[in-house]
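Here's a quick briefing on a helix pair and a strand with its neighbours. Have the model open while you read.

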Amino acid sequence: MPGPRLVILGKQGAGKGTQAQRLAAHYRIPRISTGDMFRTAVEHNTEAGQKAQKYMEAGELVPDDVVIEMVEERLKDSDARRGFVLDGFPRNAEQARALDEALGRKAVDLVVELEVPTDVVLRRLASRRVCLNCGAPYSTDRPPAQNWTCDICGGAVVQREDDTEAAIARRLDVYTRQTEPLVAYYLGQDKLASVDGTGQPDQVTGRLLRGIDSRLNRRSGGTVDGDREEMG
Ligand code: ADP
Ligand code: ZN
(Lines give C-alpha, C1' and ligand atoms only; values in the text may rest on other atoms or scores of the structure.)
(Ligands and ions follow the chains in the order given, each with its own letter.)
Protein backbone atom coordinates (compact mmCIF):
# COMPACT_ATOMS: atom_id res chain seq x y z
CA MET A 1 0.00 0.00 0.00
CA PRO A 2 1.43 3.42 -0.90
CA GLY A 3 2.49 6.05 1.62
CA PRO A 4 1.84 9.78 1.38
CA ARG A 5 3.61 12.29 -0.85
CA LEU A 6 4.56 15.08 1.55
CA VAL A 7 6.38 18.40 1.55
CA ILE A 8 7.64 19.91 4.78
CA LEU A 9 8.06 23.70 4.98
CA GLY A 10 9.56 25.77 7.76
CA LYS A 11 12.27 28.25 8.60
CA GLN A 12 15.86 27.22 9.10
CA GLY A 13 15.97 25.69 12.56
CA ALA A 14 12.25 24.90 12.66
CA GLY A 15 13.11 21.21 13.00
CA LYS A 16 12.34 20.14 9.42
CA GLY A 17 15.22 17.67 9.21
CA THR A 18 14.42 15.92 12.49
CA GLN A 19 10.70 15.74 11.84
CA ALA A 20 11.06 14.75 8.18
CA GLN A 21 13.24 11.85 9.25
CA ARG A 22 10.60 10.68 11.74
CA LEU A 23 7.80 11.00 9.20
CA ALA A 24 9.87 9.01 6.71
CA ALA A 25 10.37 6.21 9.25
CA HIS A 26 6.72 6.23 10.30
CA TYR A 27 5.27 6.01 6.79
CA ARG A 28 8.20 4.00 5.40
CA ILE A 29 8.91 6.54 2.69
CA PRO A 30 12.23 8.18 1.77
CA ARG A 31 13.16 11.60 3.11
CA ILE A 32 14.47 13.65 0.21
CA SER A 33 16.55 16.55 1.53
CA THR A 34 18.01 18.88 -1.10
CA GLY A 35 20.35 20.39 1.52
CA ASP A 36 21.78 16.93 2.33
CA MET A 37 22.03 16.09 -1.37
CA PHE A 38 24.00 19.29 -2.00
CA ARG A 39 26.27 18.74 1.00
CA THR A 40 27.07 15.24 -0.29
CA ALA A 41 27.60 16.62 -3.81
CA VAL A 42 30.02 19.25 -2.50
CA GLU A 43 31.87 16.65 -0.47
CA HIS A 44 32.23 14.38 -3.52
CA ASN A 45 33.01 17.37 -5.74
CA THR A 46 30.42 16.42 -8.35
CA GLU A 47 29.26 18.81 -11.05
CA ALA A 48 26.15 19.77 -9.04
CA GLY A 49 28.37 20.25 -5.99
CA GLN A 50 30.69 22.59 -7.85
CA LYS A 51 27.74 24.64 -9.04
CA ALA A 52 26.13 24.77 -5.57
CA GLN A 53 29.03 25.43 -3.24
CA LYS A 54 29.38 29.21 -3.45
CA TYR A 55 25.65 29.77 -3.04
CA MET A 56 25.49 27.51 -0.02
CA GLU A 57 28.37 29.23 1.69
CA ALA A 58 26.71 32.60 1.13
CA GLY A 59 23.35 31.33 2.40
CA GLU A 60 21.72 31.92 -0.98
CA LEU A 61 19.56 29.63 -3.07
CA VAL A 62 21.30 27.43 -5.60
CA PRO A 63 19.97 28.27 -9.09
CA ASP A 64 16.58 26.68 -9.83
CA ASP A 65 17.69 24.67 -12.87
CA VAL A 66 20.38 22.86 -10.83
CA VAL A 67 18.00 22.05 -7.95
CA ILE A 68 15.05 21.09 -10.11
CA GLU A 69 17.06 18.69 -12.24
CA MET A 70 18.53 17.04 -9.16
CA VAL A 71 15.10 16.55 -7.55
CA GLU A 72 13.47 15.31 -10.76
CA GLU A 73 16.17 12.66 -11.08
CA ARG A 74 15.81 11.66 -7.43
CA LEU A 75 12.03 11.31 -7.72
CA LYS A 76 12.52 8.76 -10.51
CA ASP A 77 14.23 6.33 -8.11
CA SER A 78 12.04 3.36 -7.35
CA ASP A 79 11.89 4.01 -3.59
CA ALA A 80 10.06 7.30 -4.24
CA ARG A 81 7.22 5.50 -5.98
CA ARG A 82 5.50 4.63 -2.71
CA GLY A 83 5.67 8.22 -1.48
CA PHE A 84 8.23 10.64 -0.08
CA VAL A 85 8.77 13.57 2.23
CA LEU A 86 10.50 16.48 0.54
CA ASP A 87 12.64 18.52 2.95
CA GLY A 88 14.07 21.78 1.60
CA PHE A 89 12.25 21.68 -1.72
CA PRO A 90 10.37 23.52 -3.15
CA ARG A 91 11.79 26.76 -1.86
CA ASN A 92 10.29 29.31 -4.24
CA ALA A 93 7.38 29.63 -6.67
CA GLU A 94 9.39 28.44 -9.68
CA GLN A 95 10.39 25.23 -7.89
CA ALA A 96 6.81 24.65 -6.71
CA ARG A 97 5.52 24.90 -10.28
CA ALA A 98 8.28 22.58 -11.51
CA LEU A 99 7.33 20.04 -8.84
CA ASP A 100 3.67 20.15 -9.81
CA GLU A 101 4.68 19.57 -13.40
CA ALA A 102 7.10 16.75 -12.63
CA LEU A 103 4.56 14.87 -10.51
CA GLY A 104 1.60 15.33 -12.85
CA ARG A 105 -1.31 13.26 -11.66
CA LYS A 106 0.68 11.85 -8.75
CA ALA A 107 0.61 15.27 -7.11
CA VAL A 108 1.74 16.13 -3.59
CA ASP A 109 -0.89 15.02 -1.05
CA LEU A 110 -0.13 17.46 1.73
CA VAL A 111 2.27 20.27 2.64
CA VAL A 112 3.00 20.64 6.33
CA GLU A 113 4.28 23.95 7.62
CA LEU A 114 6.22 23.79 10.88
CA GLU A 115 5.56 27.07 12.66
CA VAL A 116 8.28 28.32 15.00
CA PRO A 117 8.93 31.97 16.01
CA THR A 118 12.17 33.53 14.74
CA ASP A 119 13.71 34.07 18.19
CA VAL A 120 13.32 30.35 18.88
CA VAL A 121 14.93 29.25 15.59
CA LEU A 122 17.87 31.59 16.17
CA ARG A 123 18.53 29.92 19.52
CA ARG A 124 18.21 26.44 17.98
CA LEU A 125 20.55 27.23 15.09
CA ALA A 126 23.31 28.34 17.44
CA SER A 127 23.25 24.90 19.11
CA ARG A 128 22.63 22.85 15.93
CA ARG A 129 25.08 20.10 14.95
CA VAL A 130 24.83 17.60 12.09
CA CYS A 131 26.41 14.29 11.01
CA LEU A 132 28.69 15.02 8.04
CA ASN A 133 28.11 11.56 6.67
CA CYS A 134 24.36 10.86 6.92
CA GLY A 135 22.85 14.24 7.82
CA ALA A 136 21.38 13.06 11.13
CA PRO A 137 20.56 16.11 13.24
CA TYR A 138 21.95 16.75 16.74
CA SER A 139 22.39 19.75 19.01
CA THR A 140 24.54 20.74 21.94
CA ASP A 141 21.47 19.86 24.08
CA ARG A 142 21.04 16.48 22.35
CA PRO A 143 24.56 15.32 21.49
CA PRO A 144 25.39 11.84 20.18
CA ALA A 145 26.13 9.23 22.84
CA GLN A 146 29.84 9.11 22.08
CA ASN A 147 32.36 11.79 21.47
CA TRP A 148 30.64 13.66 18.61
CA THR A 149 30.37 10.61 16.39
CA CYS A 150 26.99 9.83 14.86
CA ASP A 151 24.79 7.31 16.73
CA ILE A 152 23.50 6.00 13.40
CA CYS A 153 26.57 5.77 11.17
CA GLY A 154 29.64 6.76 13.20
CA GLY A 155 30.32 9.84 11.05
CA ALA A 156 31.70 13.08 12.46
CA VAL A 157 29.09 15.34 14.07
CA VAL A 158 29.94 19.00 13.47
CA GLN A 159 28.57 22.50 13.22
CA ARG A 160 27.54 23.26 9.64
CA GLU A 161 29.80 25.67 7.78
CA ASP A 162 26.81 27.78 6.79
CA ASP A 163 25.50 28.07 10.36
CA THR A 164 27.40 31.32 10.84
CA GLU A 165 25.45 34.34 12.02
CA ALA A 166 25.70 36.14 8.65
CA ALA A 167 24.66 33.12 6.56
CA ILE A 168 21.78 32.33 8.95
CA ALA A 169 20.45 35.90 8.69
CA ARG A 170 20.70 35.65 4.92
CA ARG A 171 18.83 32.33 4.78
CA LEU A 172 16.04 33.55 7.05
CA ASP A 173 15.62 36.57 4.82
CA VAL A 174 15.47 34.37 1.71
CA TYR A 175 12.90 32.18 3.50
CA THR A 176 10.65 35.15 4.24
CA ARG A 177 10.84 36.54 0.75
CA GLN A 178 10.81 33.39 -1.39
CA THR A 179 9.65 30.36 0.56
CA GLU A 180 6.96 31.76 2.86
CA PRO A 181 4.80 32.75 -0.17
CA LEU A 182 4.46 29.00 -0.88
CA VAL A 183 2.17 28.81 2.14
CA ALA A 184 -0.41 30.81 0.15
CA TYR A 185 0.31 28.77 -2.97
CA TYR A 186 -0.50 25.47 -1.24
CA LEU A 187 -3.37 26.98 0.72
CA GLY A 188 -4.83 27.80 -2.70
CA GLN A 189 -4.52 24.12 -3.63
CA ASP A 190 -6.17 23.18 -0.31
CA LYS A 191 -3.07 21.21 0.64
CA LEU A 192 -1.68 23.12 3.59
CA ALA A 193 -1.56 21.90 7.18
CA SER A 194 0.15 24.23 9.67
CA VAL A 195 1.55 22.63 12.81
CA ASP A 196 3.04 24.24 15.92
CA GLY A 197 6.75 23.36 15.84
CA THR A 198 7.63 24.53 19.37
CA GLY A 199 8.23 22.18 22.29
CA GLN A 200 9.93 18.80 22.50
CA PRO A 201 10.62 16.90 19.26
CA ASP A 202 8.30 14.02 20.32
CA GLN A 203 5.44 16.43 20.96
CA VAL A 204 5.90 18.00 17.54
CA THR A 205 5.97 14.57 15.88
CA GLY A 206 2.70 13.67 17.60
CA ARG A 207 1.05 16.86 16.35
CA LEU A 208 2.37 16.23 12.85
CA LEU A 209 1.13 12.65 12.63
CA ARG A 210 -2.30 13.58 13.95
CA GLY A 211 -2.50 16.52 11.53
CA ILE A 212 -1.38 14.51 8.53
CA ASP A 213 -3.50 11.45 9.21
CA SER A 214 -6.66 13.43 9.84
CA ARG A 215 -6.22 15.49 6.70
CA LEU A 216 -5.35 12.58 4.44
CA ASN A 217 -8.04 10.30 5.81
CA ARG A 218 -10.61 12.98 5.31
CA ARG A 219 -9.69 13.22 1.64
CA SER A 220 -9.10 9.60 0.71
CA GLY A 221 -11.38 7.69 3.04
CA GLY A 222 -8.56 6.02 4.92
CA THR A 223 -5.87 4.77 2.56
CA VAL A 224 -2.83 6.23 4.31
CA ASP A 225 -0.29 3.61 5.21
CA GLY A 226 1.64 3.55 8.47
CA ASP A 227 1.12 2.13 11.91
CA ARG A 228 -0.86 4.24 14.29
CA GLU A 229 1.21 4.31 17.42
CA GLU A 230 1.31 7.66 19.16
CA MET A 231 4.69 9.28 19.43
CA GLY A 232 4.32 11.73 22.28
P1 ADP B 1 18.63 25.37 5.71
O2 ADP B 1 17.19 24.95 5.70
O3 ADP B 1 19.18 25.55 7.07
O4 ADP B 1 18.93 26.55 4.82
P5 ADP B 1 19.34 23.14 3.96
O6 ADP B 1 20.18 22.01 4.42
O7 ADP B 1 17.94 22.88 3.62
O8 ADP B 1 19.50 24.20 5.12
O9 ADP B 1 20.04 23.86 2.71
C10 ADP B 1 21.37 24.29 2.73
C11 ADP B 1 21.68 25.12 1.48
O12 ADP B 1 21.51 24.30 0.32
C13 ADP B 1 20.76 26.30 1.26
O14 ADP B 1 21.18 27.45 1.97
C15 ADP B 1 20.88 26.49 -0.25
O16 ADP B 1 22.07 27.15 -0.61
C17 ADP B 1 20.96 25.06 -0.74
N18 ADP B 1 19.62 24.53 -1.06
C19 ADP B 1 18.97 23.51 -0.44
N20 ADP B 1 17.76 23.29 -0.99
C21 ADP B 1 17.61 24.21 -1.97
C22 ADP B 1 16.59 24.53 -2.90
N23 ADP B 1 15.42 23.84 -2.93
N24 ADP B 1 16.79 25.55 -3.76
C25 ADP B 1 17.93 26.24 -3.77
N26 ADP B 1 18.95 26.01 -2.92
C27 ADP B 1 18.81 25.00 -2.02
ZN1 ZN C 1 25.52 9.72 10.60
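Helix 2 and helix 3 are roughly perpendicular to each other (angles of 65 to 115 degrees count as that; under 35 is roughly parallel, over 145 roughly antiparallel and the rest oblique). Bear in mind that this is a predicted model, where local features need pLDDT of at least 70, side-chain atom pairs count only at pLDDT 80 or more, and totals for chains, interfaces and linings use all residues. Residues are numbered from 1 along each chain as its sequence is written, and side-chain values use heavy atoms, with hydrogens and water left out.

**The helix pair**
- Helix 2 (residues 34-43) packs on helix 3 (residues 47-58) at about 110 degrees, axes 8 Å apart; helices are DSSP runs of H or I with at least four residues, strands E runs of at least two.
- Axes are lines fitted to C-alpha atoms over the stretch in contact, with angles from 0 to 180 degrees between N-to-C directions.
- Gly35, Phe38, Arg39, Ala41 and Val42 of helix 2 touch Ala48, Gly49, Ala52, Gln53 and Met56 of helix 3 (heavy atoms within 4.5 Å).

**Strand 1**
- In strand 1 (residues 5-9), five of five residues are buried, meaning under 20% relative accessible area with a 1.4 Å probe, protein chains only.
- Arg5, Val7 and Leu9 point one way, while Leu6 and Ile8 point the other.

**Its partners**
- Strand 1 runs parallel to strand 3 (residues 84-87), joined by four bridges; pairing takes at least two DSSP bridges.
- Strand 4 (residues 110-115) also pairs with strand 1 in parallel, over four bridges.
- Val7 sits opposite Leu86 in strand 3 and has Val111 as its bridge partner in strand 4.

Technical notes. Chains are lettered from A and ligands numbered from 1 in the order in which they are written. Buried means under 20% relative accessible area, exposed over 50%, partly exposed in between (1.4 Å probe, protein chains only).
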